[in-house]
Structure formats: C-alpha cells, structure tokens
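Biologist: Please show me the model, and then I will put some questions about it.
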Amino acid sequence: MDKFTTLTGIAAPMALVNIDTDMIIPKQFLKTIKRSGLGVNLFDEMRYDRQGNEIADFVLNKPQYRETEILVAGENFGCGSSREHAPWAIKDFGIRCVIAPSYADIFYNNCFKNGILPIVLPQEQVDVLMKDAEKGSNARMTVDLEAQTVTSSDGEVFSFEVDSFKKHCLMNGLDDIGLTMEKVSAIDTFEAKASAERPWI
Amino acid sequence: MSSPKTLYDKIWDAHVAHEAEDGTCLLYIDRHLVHEVTSPQAFEGLRMAGRPVRAPDKTIAVPDHNVPTTAGRDDPKNMTEDSAIQVAALDKNAKEFGIHYYPVSDVRQGIVHIVGPEQGWTLPGMTVVCGDSHTATHGAFGALAHGIGTSEVEHVLATQTLIQKKSKNMKVEITGKLRPGVTAKDITLSVIGETGTAGGTGYVIEYCGEAIRDLSMEGRMTVCNMAIEGGARAGLIAPDEKTYDYCMGRPHAPKGAAWEAAKAYWETLFTDEGAHFDKVITLKGEDIAPVVTWGTSPEDVLPITAKVPAASDFEGGKVEAAQRSLDYMGLEPGTPLSEIEIDTVFIGSCTNGRIEDLRAAAAILKGKKVKDGMRAMVVPGSGLVRAQAEEEGLADIFKEAGFEWRLAGCSMCLAMNPDQLAEGERCASTSNRNFEGRQGYKGRTHLVSPGMAAAAAVTGKLTDVREMM
C-alpha cells in the first residue's frame, strides 16, 4: 500500500450531504476484475452527460480543480454500498485525502486500506475549509498525518483525531494481511478452542 | 459476577482471537459469504501472494449481482461480456480455492443473503461477513453480520479474521402491536426516518420489543437488512423459538446431539438485565404507518397519507440535498404521495425477496390486473423461493395479474444486470436504496413494502395498501 505522510494540494468543495457510493462510482463500473483505471469514472453520472460529454459546472470538471488531491465534503460521505471501487476510483483520480464531518463506516475503513486518509472535523471547521476550497487552485491545503493537522491556504491550522493503529499502517504503508499473519498462532489457538466449544460451526 | 452484557457484547467477546493494547482486535469470522462483484480482486491478491483460503469450509460463494433473471442465463453468451467475465472468475476461484459454491445453474442459487439463511449457513451467535453492505440481514438470527470491502474480503479469506474495533451499543425498541397493513419494511424505514442515514454510524443496533418479537424470521431479516441504511455496522435480534424453528433441519444446520448443544448455547444469547446501551430509540408499533420514500436517501420517508415536502422544511445541509432530491425525482412540494403516478414495479431483493414477501404481494394481486402500460416484475430471492412460490400457486397469481416472473438474483435492486429503469421512469420498489441512478440512469425509485408495491401495480400510482385489503 502507498504510504501517506504529508500532502499539499488543491482541495475541491462538494458540500452536498449523503454523497453515496452509487454517486462516487455507479454500478456499471463495478464489472471490472481489476482495482485500477476507475478514476475516469469517478462521480460519473454527475460528471458526464449521457453522451459522455463533461458537464462543465461539475466541480472536478472546472479547470482549477482538475488536479484535485483533497476533497472537502458534506456529512455521511460514502454512505451506501461496501464497494471498494469507491476508494479505488477516488485514488485513481489522484485524490488522497477527504475531509468531512462524518463518513459511512465501511467506506471509512476502505479508505485506509487504499492509502487514502479520511479526516473527520466538526461541521464548523469543515465549513471554513469548504470556503477555502472554493478559492480553487489558489488555495492549497496541507495535510500532515504525523502531526494530525490540516492547514488551510490562509495558514489556519485544524487538528484531527485518527485511530493510532490506522495511522501507523497508513504512515508506513503496511499491508494488513502481513501484520495479521504475524499473529497466526493466536488465530490457531482461538480456532482450536472455538471449535471445541462450538463444534457445530 | 461479571457486569451485564448486551447481545452484541456477548457475540463480540466470543470471537476476539487477539486484542492489541490499543483495543484493535482480530475478530474471528465463522461464515464468509462471497459474490462475483466484490471478490475477484481479493482472490487475485491471494494468488499473487501464494496464499490459500484459510477456512474454505466456512466460505460460501454464489453469483447474484450480475446475473440476468431471464431464461437461458446459464449460457454465458446470454450475459454481457463483462458480467460473464465476473461470473466465470467466481466459478474459477471457487473451484481453485475449494470453497462451497452454488453456480447459476443450481436451483439453490440466489441472492447471497437469502441463500445463507435458507441453507442453514447462518446460525445464531455467529460472525458473518460478506463484501456487501446488506450482510446486516443475517443479524435477524442473532448473528453479528456486516459488510466489508474487497481488501477485507481478502483479509478474511487469508486469515479468517477481521481487524476491528468494537462499536457502541444502540437499542431500537418497537413497542406494542403493528396495525393492519404495516410490515417489517415499514418498521425499518420508519426507524431510518427517525434516526437519519447516519444515526447508526459507529453503532451496532439491537432491535427489540413486542413488535419485533411478533415478526417472523423473514420479517426480522427485512428489518436487519436495512440497518446499514441507518448507518449502523450491524443490526441484531436475539434468537428465540422462531429462530430455532427456522434453522432446524436446514442443510447446514447442526443435527441430533450437536443441535441440542448448539441450542443450549443459543439460549444464552440475549441482552442481560441492566446492560448498558449508548443510545436508545423507541417507537410505538401502533404509530407506524405504511410508508414510502419520496427522495433519494432512505431517510426521505413519510407515511403514504402524507404530502411531498419542500426543501424549506429541512435544516442545514439537508436543504440543498432535499432540493436536489425533489428535482431529481421530478416532484412538486405539496403533492399527496398517493397521487404520484408510477410506470414500473419491482418486487424482489435481499430486503423483500423471500416467500412471505411474495405471499403478501400475491394476496393483494389475487384476481386483479396490473394497470395497462405498466411494467411489473417479480424476482424471487432464490431458486428455492421461486420453486416454492410456484408450488403454492403464487407464480400463477403474479403471471395472471400481468407480472413478469423472473429467475433469482439481485436484479433491479442495483441494476447491474439488464433489469434497469430507463431515464425518467418511476418505480415502486421493494428494494433498499433510492439513490440517484440506483435502478438505472436517471431512474426514480420509491421504496415500499411488497403489499404496497402490489397495490401500486394495480392502480398505477403510489397507493395505501390498506385500501385494498
């Protein structure tokens, strides 16, 4: 997995609440057996018309947001399906960080498995960063995972919380399966005990 | 004496294989359900790393999301190329890794969340995961069940565990009796209407109360199925005699002495008196009406007797979202919901594709016809549900009324197969999500119970099922 330490980049504002995974990557793009190549279809039905032409006023189609690396979004971002295609599409587009007041649980976990940092901040602080993001390419935010801070283009600093284990994995680009394999004896022991106690399983 | 525990606490504690100092746990997984859309990259990951599936006996695969629901589908030529590739990949992966598998040609094939309980894979007290958010369905058995992403699918395949931190406990109590015409679907939608789609985020919900106890196992599955739409990691209902009756004799349920031992354990699976819940929601059963969604989020729910709201009825970020929903849905504020004309009816999905759902719809349709010009389809949740419905004469009722009688799969719930709404079409649907584009590009979805869907098929508009009972 790609490491995440610090990131300075353009942030795009998407204030809409409840942006769901069908919006992030519609189901017709789930028929792939690969993880890559989904960025072009990120937010497909908001981004293109039926003929495949770009919809000019969609934020990521505007010239100043084409190189977006940070998304500032409304509450409950990523609700809906468990499709990991959603973070795959976000990452493939080039976005490595999302900032929102809240996320759906599965989407939130999926981000960390793909080197994307989902930051939770209170609504008032997201509102400030949303305004900052509206300045377009003149406004570059900086995210520092080690320090757990977001710095707006004006230099205002916001601190965020993140689970220490998730942070450790993201900063070091660690593979979850490899880490769990180190604890295989604990799994073996548990499995033996559970199958004695609950043999019907 | 140890402190009182919730049902969730008990199942969680029984599955922690390892706990780190910061509380990060390896949770052991008893059943891993797999389908064709969220698994190919996970199996490919195993292959690249040279890893086997750790517990193939606990891993069950079935294609459901992509498969056509029309005759001749076991010939890949009758699928779109990309769907056929995903189904073929699942075929190959199931054989290569030696996991249980129900191919398209098997009568037991169906929606993964209907097949699991039907075959007795899902049992009380288990941990169940699947790369699908509606895994919450299995919580109806008092099993801790939730959806996971593809990276986690690979993690479970490789290690039979999931890296987890414990969620908080939330109780949703539905007291008293439901009124006639009110169903499990109306309960679960009404709860989401109350809490919002993020109200359950960070929680595992235990549903309880007389109205939940009164539900059949199938109704309980409908309630738990949509726990995810309320944002919760999982929904749970404590097992009881109805649960045991449902499980007994299923192909993969324990038998004989093993059954007795299992049942003795299952009888310990309830929330202790005085156990702590971090959040409690209580609804009165008699206050719940048959409901319908008007917008593009499952929280946009109102009784069928209500009117389309205005964006100005809401606050904060919801104002913009409500306006966007109204525009997308093509609805005028103030319009009675029961005057909204529809052109499509879909009965099926892991929410409402079981035999009792088909019975409820058929009871409304018997002797009636689908309104002229409408498209109406029934997609049974599994091949066995379909066979039973044919045996009971329900299929004839649907066909005589003018419904298409399809083969099992997810179908128009998410429209990954050819069953889709065209632009601007409006559907009364028994599925679980009314998101933009969910049932087809620019398609419009109103979520309802099976009886309400059947009533809408007859009148051609959203209809209060109580007028047809």
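Biologist: Among contacts in chain A between residues at least 6 apart in sequence, what percentage join residues at least 24 apart?
Modeller: This is a predicted model, so the values are computed from it. The count takes contacts in chain A between residues at least 6 apart in sequence. Of these, the share joining residues at least 24 apart is 69%.

Biologist: How many helices and strands does chain A have, and what share of its residues is buried?
Modeller: The C-alpha atoms of chain A fill a box of roughly 60 × 40 × 25 Å along the principal axes. The secondary structure of chain A comes to 8 helices and 7 strands. Of its 201 residues, the share that counts as buried is 43%.

Biologist: Is Leu42(A) buried or exposed?
Modeller: Leu42(A) lies in the loop between H1 and helix H2 (44–47) of chain A. Leaving aside residues up to four places away in sequence, Leu42(A) touches Ile24(A), Ile25(A), Ala89(A), Ile90(A) and Phe93(A). The cut-off for burial is 20 or more other C-beta atoms within 10 Å. Leu42(A) has 24 C-beta neighbours inside 10 Å, and therefore counts as buried.

Biologist: How far apart in space are Leu42(A) and Val162(A)?
Modeller: In sequence, Leu42(A) and Val162(A) are 120 residues apart. In space, taken C-alpha to C-alpha, the distance between Leu42(A) and Val162(A) is 26 Å.

Biologist: Which element gives the most to the side of chain A that touches chain B?
Modeller: The contact takes 48 residues from chain A and 59 residues from chain B. Elements giving two or more residues to the chain A side are H1 (21–24), H4 (105–112), H6 (164–172), H7 (176–181) and H8 (184–197) of chain A. The element that gives the most, with 5 residues, is H8(A).

Biologist: How do the residues on that side of chain A divide into nonpolar, polar and charged?
Modeller: The division covers the residues of chain A on the side that touches chain B. They come to 20 nonpolar, 11 polar and 17 charged.

Biologist: Which strands of the sheet S1-S2-S8 of chain B does H8(A) touch?
Modeller: The sheet is open, has 3 strands in the order S1-S2-S8 and pairs in the antiparallel sense. Its edge strands are S1 (16–19) and S8 (161–164) of chain B, each of which pairs on one side only, and the twist averages 20° from one strand to the next. H8(A) packs on this sheet with its direction at about 35° to that of S2(B), and the strands of chain B that it touches are S1, S2 and S8.

Biologist: What is the bridge partner of Glu19(B) in S2(B)?
Modeller: S1(B) and S2 (residues 25–28) of chain B pair in the antiparallel sense over 3 bridges. In S2(B), the bridge partner of Glu19(B) is Cys25(B).

Biologist: Are H2(B) and H5(B) parallel or oblique to each other?
Modeller: The axes of H2 (residues 40–49) and H5 (residues 150–159) of chain B come within 8 Å and cross at roughly 45°. The contact is made by Gln41(B), Ala42(B), Gly45(B) and Leu46(B) of H2(B) and Thr150(B), Val153(B), Glu154(B), Leu157(B) and Ala158(B) of H5(B). These residues divide into 5 nonpolar, 3 polar and 1 charged. From the crossing angle, H2(B) and H5(B) are therefore oblique.

Biologist: How many residues of helix H8 of chain B are buried?
Modeller: H8 (residues 217–225) of chain B is mostly covered. Its buried residues include Arg220(B), Met221(B) and Val223(B). Of the 9 residues of H8(B), the number buried is 8.

Conventions
Residues are numbered from 1 along each chain as its sequence is written. Chains are lettered from A and ligands numbered from 1 in the order in which they are written. This is a predicted model: local features need pLDDT of at least 70, side-chain atom pairs count only at pLDDT 80 or more; totals for chains, interfaces and linings use all residues. Axes are lines fitted to C-alpha atoms, for helices over the stretch in contact, and angles run from 0 to 180 degrees between N-to-C directions. Helices (H or I, at least four residues) and strands (E, at least two) are DSSP runs, numbered from the N terminus. Angles under 35 degrees count as roughly parallel, over 145 as roughly antiparallel, 65 to 115 as roughly perpendicular and the rest as oblique. Two residues are in contact if their C-beta atoms, placed from the backbone, lie within 7 Å. Ala, Val, Leu, Ile, Met, Phe, Trp, Tyr, Cys and Pro count as nonpolar, Asp, Glu, Lys and Arg as charged, and the others, Gly among them, as polar. A residue is buried if 20 or more other C-beta atoms lie within 10 Å of its own, exposed if 12 or fewer, and partly exposed in between; C-beta atoms are placed from the backbone. Two strands pair if DSSP finds at least two bridges between them.
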